Amino acid sequence: MDRLRDFDKIVYGRKENTDSLINYWIEYSNPLTWQFWVLVAILLVPLAILYIKIDKSKVFLIGFYGYSVHVFFTFIDVYGINSGYWHYPYQVFPALPSISLDTSMVPVAFMLVYQWTLNNHKNYYLYTIITAAIFAFILKPLLVSIDLFKMYGKINYFHLFIGYIAVLLIAKVITWLFLKLYNPTFSPKNRKE
């Protein structure tokens, strides 16, 4: 019984923390702030670009890959937030701290890189590593400099870069696995993606 009482205290403490973050959002991150509108743009502009640029003949393949990037990037982001490694001081929705990046900018960028590597027969790994480096070593420092992203403790940009690489490898493997399950004769050498 003590165990469940301790668990209830933890859950209640977490709710209090969430309430504090919502109150912070109401005061500092609401639609009257420039940060809010930058995050809205980060959320909507990539989705509009994707709608225009996505290769309709490969929409399910690229969409599945992008969804995989989204899911696993969200897992890593939630882990980083819950572990106190980083957080987002400004948000579009207070309960979803990194929706602009996780749902839109990161998956869309990597979907378009994936599409480009498929359509131009380029090395997926090389170009996604370059894109991950741009996100980790250019975009994230920019977000830090304008206070849209904060890192805590010993976390650094190289750690973020490794997280991006892990997500991109997992997304590629899962996409390849589902292609293989869908078409048992599929092999990377004779792909018609």
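**Surface patch and largest pocket**

Isoleucine 162 is found in helix H6, which spans residues 157-182 of this predicted model. With a relative accessibility of 42%, isoleucine 162 counts as partly exposed, because this class covers values between the 20% limit for buried residues and the 50% limit for exposed ones.

Isoleucine 162 also belongs to a nonpolar patch on the surface, together with Leu126, Ile130, Ile134, Phe137, Ile138 and Phe158. The accessible area of these residues together is about 650 Å². Two or more residues of the nonpolar patch are given by each of helix H5 (124-145) and helix H6 (157-182). H5 supplies the largest share of the patch, with five residues.

A second feature of the model is its largest pocket, in which about 480 Å³ of space lies. The pocket is lined by 18 residues, and those closest to its centre are Ile81, Asn82, His87, Ala95 and Pro97. Helix H1 (2-28), helix H3 (59-82) and helix H4 (99-119) are the elements that give two or more residues to this lining. Among them, H3 gives the most, contributing five residues. By residue class, the lining of the largest pocket divides into eight nonpolar, seven polar and three charged residues.

Notes: Residues numbered from 1 in each chain as written. Predicted model: local features only at pLDDT ≥ 70, side-chain atom pairs only at ≥ 80, totals over all residues. Heavy atoms only, no water. 1 Å grid on protein atoms, 1.4 Å probe; cavity = no way out; pocket = protein on both sides within 12 Å on 5 of 7 lines; lining within 4 Å. Points joined across faces, edges and corners; volume = space filled by probe spheres on them. Helix = DSSP H or I, 4+ residues; strand = E, 2+ residues; numbered from the N terminus. Nonpolar A, V, L, I, M, F, W, Y, C, P; charged D, E, K, R; others polar. Patch = residues over 30% accessible without salt bridge, like charges linked within 9 Å, V, L, I, M, F, W, Y side chains within 5 Å. Areas by Shrake-Rupley, 256 points an atom, 1.4 Å probe, with all protein chains shown as cover. Salt bridge = Lys/Arg side-chain N within 4 Å of Asp/Glu carboxyl O. Buried < 20%, exposed > 50% of the residue type's maximum accessible area, 1.4 Å probe, protein only.
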